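Biologist: I should like to learn how to read the features of a protein structure. May we go through one together?

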Amino acid sequence: MRILYIDIDSLRPDHLGCYGYHRKTSPNIDSLAASGVKIRNLYASDTPCLPSRTAFFGGRFGTQTGVVNHGGVCADLQPEGRDRDFRTKAVEGSLASLLTRCGFWTASISPFPRRHSAYQMTYGFNETVDTGQGGRENADVIFGQARRWLDYRAKEDNWFLHMNMWDPHTPYDTPESFGNPFKDAPIDPWITEEILSKQRASYGPHSAREVPHFDANINPKVWPWGRGEIGSLADAKVHIDGYDSGVRYADEYIGRILNLLADAGVLDETAVIVSADHGENLGELNIWGDHHTADELTNHIPGVIRWPGLTTAGLSVEGFYYHLNLASTIVDLAGPKGQEMMTANGWDGRSMAPALRSGSGGRSRLYLSQGAWSLQRSARWDDWILIHTIDTGMKDFSEWMLFNLAVDPHQTRNVAATHPEIVNRVGAEMTQEFERLSAACSLGDPFRQVQSEGGPYHARVDGPDWAPYLERLKTTGRAHHADWLVANHNAPRPIELALY
């Protein structure tokens, strides 16, 4: 058995053809989905990048390990103390270690560990390749390393290759020679002049007035596809074209990788998985081109799997699953003792191999978190998502946001005020679930640790961006928002005063 896991940073499923997108962003991923299985409701339990990949490659929720942030105490796994053995539990219980014990040669091609000093992602791998540009490399660079690896490993049996592409991640920098495949393709009509007007009157990092970060200064050499502000529908189209072109560019190189496997005569014997660490907000909740929330767009990720002898062509798995379930499925299918090893090492995920065969199964509700750009926790079930904001990360959020995704997939209408019974019931259940999970964490609830440090790493009230951003709000006609932040810091607003 050979397993190829293609991990595309910031890839949201609703911008793929196989998930219903109207633009032709993903012909190769769509072909994989047609010949394999699509998981419709797969979610990263902890976002964004560092918490997500720590959870995936370690098999445990961030609420238990304490890794929920991009800086501070909660960006690192907690020491095991005097119970630390000759080898650590974190290493011995990692995804790669378990696969190695199942007889696989494991390799990862990714700039991610050095980008975030997150070497827990590499625990147990036989080989790791750092492509050296910290996430700024395009898919052609990743492909070059993967091609060299496959040149000498493809025909061997029992390997696992993790291949990490970054093209949809901001800044949007698809090579100019690739052109714009979507120059004449319209964007989704949910973005209107009315919505943009409200967003521009609001505030926040990566908002419509500050797309690059905390100001509108965009370097075209770094971000050639972008706009510093979203002032019109034309600007919104440029922004979304940049994201979609990144998706299309990554998809192009997925096709080339599959061709290499076919040329080696092993494609039909290789399990191929396409997923992501998290999604991306493209205007939703006034976040343009980043991943700041525990919402539908940041936590929902694609899951496309073609596994020889297991998956049925064109099957759609409808239940709700964590990305931890995807990691558990890989280990389960790799060897007869996979599930036993995961249980022994305290993994939180369980294999969804039965669902890949039947299309049925899954959880009735998921609990999701975000701890690096805001402090949010959410519950996702049926057509609903309920988001609890503890720290806004300098954004215009109310404490509770409830969205009916069946009629409002882009989260434009917070209906929490008209459904207090849902907010009260599900909110209480969500609180109990996170209390249960954090009981296993040596820090207690890691969100409390993040709060004690001034809030999420990227938007701390005492951080370097705080004072300059308050000044920018004053000089751009939004002094009343600066006054709110000075008086209340990153506390959420009452629902009647918030944009969302």
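Modeller: Let us begin with a definition: Ala, Val, Leu, Ile, Met, Phe, Trp, Tyr, Cys and Pro count as nonpolar, Asp, Glu, Lys and Arg as charged, and the others, Gly among them, as polar. Please note also that this is a predicted model.

Biologist: How many residues of each class are in the lining of the largest pocket?

Modeller: The lining has 12 polar, 9 nonpolar and 5 charged residues. The space in this pocket is about 640 Å³. Among the 26 lining residues, those closest to the centre are Arg 60, Gln 78, Glu 80, Lys 89 and Ala 90.

Biologist: Which helix supplies the largest share of that lining?

Modeller: Helix H2 does, with 3 residues. Helices H2, H3 (62-65) and H4 (89-92) each contribute at least two residues to the lining.

Biologist: How should I read a sheet, and what is the order of the strands in the open sheet of 5 strands?

Modeller: Strands of a sheet pair through backbone hydrogen bonds, and the pairing is either parallel or antiparallel. Here the order is S3-S13-S14-S15-S16, and the pairing is mixed. Strands S3 and S16 (400-404) stand at the edges with a single partner strand each, so one side of each has no neighbour in the sheet.

Biologist: How many bridges join S15 to S16?

Modeller: There are 5 bridges between S15 (residues 384-391) and S16, and these two strands run antiparallel. Within S16, Leu 402 stands opposite Leu 386.

Biologist: Which strands does helix H14 lie across?

Modeller: Helix H14 (residues 420-438) lies across S13 (365-370), S14 (375-381), S15 and S16, and it runs at about 70 degrees to S13.

Biologist: I should now like to consider the backbone. Where are the cis peptide bonds at Pro 48 and Pro 171?

Modeller: One cis bond joins Thr 47 and Pro 48, with omega about 0 degrees. Pro 48 is found in the loop between strand S3 (46-47) and helix H2 (49-58). The bond from Thr 170 to Pro 171 is also cis, with omega near -5 degrees, and Pro 171 lies in the loop between strand S6 (159-165) and helix H8 (193-200).

Biologist: What is the phi of Ser 117, and is this residue buried or exposed?

Modeller: Its phi is near 50 degrees, a positive value in a residue other than glycine. Ser 117 counts as exposed because its relative accessibility is 53%, and exposed means over 50%. The residue is placed in the loop between helix H6 (112-115) and strand S5 (127-129).

Biologist: What is the phi of His 489?

Modeller: His 489 has a positive phi of about 55 degrees, although it is not a glycine. His 489 lies in the segment after helix H17 (479-488) and is partly exposed, at 40% relative accessible area.

Notes
Residues numbered from 1 in each chain as written. Predicted model: local features only at pLDDT ≥ 70, side-chain atom pairs only at ≥ 80, totals over all residues. Heavy atoms only, no water. Helix = DSSP H or I, 4+ residues; strand = E, 2+ residues; numbered from the N terminus. Buried < 20%, exposed > 50% of the residue type's maximum accessible area, 1.4 Å probe, protein only. Pairing = 2+ DSSP bridges. Contact = heavy atoms within 4.5 Å. Axes fitted to C-alpha atoms, helices over the stretch in contact; angles between N-to-C directions. 1 Å grid on protein atoms, 1.4 Å probe; cavity = no way out; pocket = protein on both sides within 12 Å on 5 of 7 lines; lining within 4 Å. Points joined across faces, edges and corners; volume = space filled by probe spheres on them.
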